[in-house]
Amino acid sequence: MARKPAKKPAKANPTRKPAAKATKAAPKSRTAPKPEAEARAKPAPEAEAAPPPLPNWESLSEADLEALDHMSRNLMQASLKSQKLVADVMRQALSGDVSMPRADAFNNAPEFGTVWSQIVSDPNKLMQAQAGLLKGYLDLWTSTTKKMVSGEAEDVVKPDPSDKRWRSADWTSHPVFDAIKQSYLLNQNFMMGLVHGVDGVDDATKRKVEFLTKQMTDAMAPTNFALTNPDVLRETLQSKGENLTKGLANLMADLERGGGRLALSQTDLEGFRIGEDLATTPGKVVFRNAVMELIQYVPVTETVKQRPILFAPPWINKFYILDMREKSSMVKWLTEQGFTVFLISWVNPDASLKDKTFADYIHEGLFTALDVVEEITGEKSAHTVGYCIGGTMLASALALLEARGEADRIETATFFASQTDFELAGDLLLFVDEAWIAEIERLMDAQGGVLDGRTMADTFNLLRSNDLVWSFVVSNYLLGRQPQAFDLLFWNADQTRMPKTLHLWYLDTMYRKNMLSKGEVEIDGHTLDLSKVKTPIFMQASKDDHIAPFPSVYRGAKLFGGPVEFMMAGSGHIAGVINHPGANKYQHWINTGLPETVEDWIKDAEEHPGSWWMHWRDWLYTRSGKDVPARQPGSKKHKPICDAPGEYVKVRS
């Protein structure tokens with residue numbers, strides 16, 4: 001009945017024909033509605049035309065009405081929850097909690113002002129960039145029109161093949177979403193091009209503004225918004241809006257867990273148990289003090305190499321990255337190769353350890369561990385391994401032992417993704433300017449002298465924000481999914497706290513002033529000079545490492561005065577190191593020479609498929625002495641305290 005009056009004007013006025021077609025198509029749109037973004041892209045009706053007729057609600061089935069009612073209730077519930085959520089967050093922000101990070105911790109306004117002042121001061125370059133953007137949009141309009149008509153057209157701009165944000169087929173096959181994607185990429189390239197091409201600005205300022213501009217453009221990607229993400233629209237229609245209510249519940253839970261600060265869930269934090277699912281290689285804690293537990297692992301061969309191995313992992317993460325699942329554990333693999341393996345498990349410090357220093361970690365950690373290893377095995381020297389900042393500490397210890405005339409305590413030193421020269425330390429250098437260090441110190445004081453693990457996690461997540469931040473925002477909050485149990489992300493979320501004195505000294509001395517590479521660090525009255533270190537060194541770097549970039553690691557390799565073998569693995573900071581031979585993944589490059597530049601090293605390096613562990617094992621074998629009967633954990637003086645993985649690693653931040 002409701003349609004009859006509307007049909008008469010439509011027949012009398014030709015301009016009503018499009019509306020009549022839309023009316024006939026209405027039943028299909030109810031069962032398979034098109035995204036709102038596509039609807040907006042259609043040409044608007046002419047001004048003189050009457051509004052399209054209302055749908056005939058009387059013709060809707062009971063199932064249709066029930067579905068609409070279900071969706072409206074879910075959307076209303078999501079709206080109410082979001083209002084409460086915003087109110088709670090604002091209340092927390094206005095409460096003046098000094099332990100919360102400041103909104104502008106980078107103090108980036110001066111740098112942005114400097115860069116953009118330079119950009120607008122060059123009108124020719126700015127006009128060229130704007131003309132390029134305009135041409136891109138004109139080409140995009142033409143391309144989109146062709147795609148709508150014929151279904152095929154050349155892309156104006158394409159995303160990086162490694163960019164996972166555009167995996168959904170709709171971003172390519174659907175002309176509207178394809179246009180949204182390309183429009184975003186044009187704008188992103190325009191912004192990044194302006195900043196990258198600016199003249200008259202120092203490199204540090206340009207690098208900081210480039211990084212922060214990239215963070216902002218990543219945040220504004222259409223993938224991060226419900227109405228411009230086809231996967232979210234589809235999920236909203238299929239679930240009748242339940243994804244949005246579930247997503248808000250996830251968001252509220254993360255805010256509650258963070259005490260008003262977003263603690264983004266990347267994995268199921270209850271999905272694993274340390275010592276049951278991860279870090280399961282049999283062993284015993286044979287020593288414990290205020291800063292570390294020392295683990296000795298049970299041998300699995302009848303004989304072992306004379307020279308034991310001692311691991312010094314980073315203290316910003318838990319050690320079990322070296323002993324994850326049984327099939328990927330480096331610790332387990334080394335015991336199978338006939339080594340006696342010891343490993344330092346650092347304490348997760350509280351406020352009582354806020355005054356611990358870098359020298360304390362060397363003395364009470366590495367040197368004390370060497371004493372225990374010697375007492376248990378009878379060997380006066382050991383192989384040592386330092387991972388990340390554990391390697392920076394190991395390098396410093398080598399120089400200190402050399403200065404004390406005790407270099408023979410360490411037989412060899414292996415470095416995993418470790419830096420001793422921080423001139424090319426990558427984007428982490430952005431976090432060590434005066435403003436950021438002042439904010440870190442303020443947070444530490446507010447938290448009793450330690451930096452909470454959440455701040456460290458957020459810092460590292462920003463280095464790969466699309467993979468480690470925005471992908472989870474979309475999955476958890478827009479799609480309403482629960483994070484899955486994933487061992488690597490579980491480890492990544494299991495952060496440790498940082499003692500104030502140690503952490504501030506490290507940031508200032510290593511990252512800001514690069515004093516170790518310059519021979520300016522003093523410990524116990526000794527100046528640390530890496531050029532005097534003659535200990536044989538094996539130095540691993542990873543091709544795609546964003547925390548310890550391989551050019552930076554190579555500069556460090558050139559600082560030592562003894563034999564150094566540099567080796568580069570495929571993948572990044574974690575997968576480049578933890579690559580079990582059984583996985584048959586990635587590759588590595590070998591070049592026993594150490595030419596002046598890393599580019600020259602790469603030119604003559606030979607690529608090999610798979611893991612580099614066997615090459616390193618053979619390097620260790622030639623320096624490991626004879627075979628001796630296998631050693632069980634502990635001794636009369638150092639009786640086992642408890643089973644591995646010990647107690648310190650189980651303390652959550």
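Contact, in this talk, means that heavy atoms lie within 4.5 Å. With that understood, let us begin at Trp616. Setting aside neighbours within four places in sequence, Trp616 is in contact with Phe311, Met330, Leu334, Val385, Thr414, Phe416 and Phe538. I should say at once that the model before you is a predicted one.

Where does Trp616 belong in the wider picture? Trp616 is, with Leu294 and Phe311, one of the residues with the most contacts inside the largest nonpolar core, and that core has 155 residues. The element that gives the most to this core is helix H14, residues 358–377, with 11 residues. A second core, separate from the one just described, has 10 residues, including Leu251, Leu255, Val469 and Phe472. As a general point, nonpolar side chains in soluble globular proteins tend to be buried together.

Let me now step back to the whole chain. The secondary structure of the protein chain comes to 23 helices and 17 strands. The chain has 653 residues, and 51% of them count as buried. If we take the contacts between residues at least 6 apart in sequence, 81% join residues that are at least 24 apart.

I turn next to a single residue, Ser418. It is located in the loop that runs between strand E7, residues 410–416, and helix H16, residues 434–446. Is Ser418 buried or exposed? Ser418 counts as buried, because its relative accessible area is 2% and the cut-off for buried is under 20%. The side chain of Ser418 reaches two backbone oxygens: that of Phe416 at 2.9 Å, and that of Gly386 at 3.3 Å. Leaving out residues up to four places away in sequence, Ser418 touches Gly386, Tyr387, Cys388, Gly391, Thr392 and Val553.

For the opposite case, please look at Thr622. This residue lies in the loop between helix H23, residues 613–621, and strand E16, residues 627–629. Thr622 is classed as exposed because its relative accessible area is 61%, and the cut-off for exposed is over 50%. Its side chain and that of Arg623 are joined by a polar contact of 2.8 Å.

We come now to a pair of helices. Helix H10, residues 203–219, packs with helix H18, residues 465–478, at an angle of about 35°, and their axes are 11 Å apart. The crossing of H10 with H18 is right-handed. Which residues meet here? From H10 there are Lys214, Gln215, Asp218 and Ala219, and from H18 there are Ser465, Asn466 and Trp470. By character, the residues of this contact divide into 2 nonpolar, 3 polar and 2 charged.

Ser465 deserves a further word. This residue is found in helix H18, and it counts as buried because its relative accessibility is 3%. Not counting residues up to four places away in sequence, Ser465 touches Gln215, Asp218 and Trp470.

My final topic is helix H20, residues 500–512. Its buried residues are Lys500, Leu502, His503, Leu504, Tyr506, Leu507, Thr509, Met510 and Tyr511. What covers these buried residues? The covering elements include H14, helix H15 (389–404), H16, strand E8 (450–451), helix H17 (453–462) and strand E9 (498–499). H14 we have met already, as the helix that gives the most to the largest core. Just after H20, Asn514 takes a positive phi of about 50°.

Thank you for your attention.

Notes: Residues are numbered from 1 along each chain as its sequence is written. This is a predicted model: local features need pLDDT of at least 70, side-chain atom pairs count only at pLDDT 80 or more; totals for chains, interfaces and linings use all residues. Side-chain values use heavy atoms; hydrogens and water are left out. Helices (H or I, at least four residues) and strands (E, at least two) are DSSP runs, numbered from the N terminus. Buried means under 20% relative accessible area, exposed over 50%, partly exposed in between (1.4 Å probe, protein chains only). A polar contact is a pair of N or O atoms within 3.5 Å; within protein, one must be able to donate a hydrogen and the other to accept it, and residues adjacent in sequence count only if both atoms are side-chain atoms. Axes are lines fitted to C-alpha atoms, for helices over the stretch in contact, and angles run from 0 to 180 degrees between N-to-C directions. A crossing is left-handed if the near helix is turned anticlockwise from the far one by less than a right angle, and right-handed if clockwise. Ala, Val, Leu, Ile, Met, Phe, Trp, Tyr, Cys and Pro count as nonpolar, Asp, Glu, Lys and Arg as charged, and the others, Gly among them, as polar. A nonpolar core is a set of buried Ala, Val, Leu, Ile, Met, Phe, Trp, Tyr and Cys residues joined through side-chain atoms within 4.5 Å.
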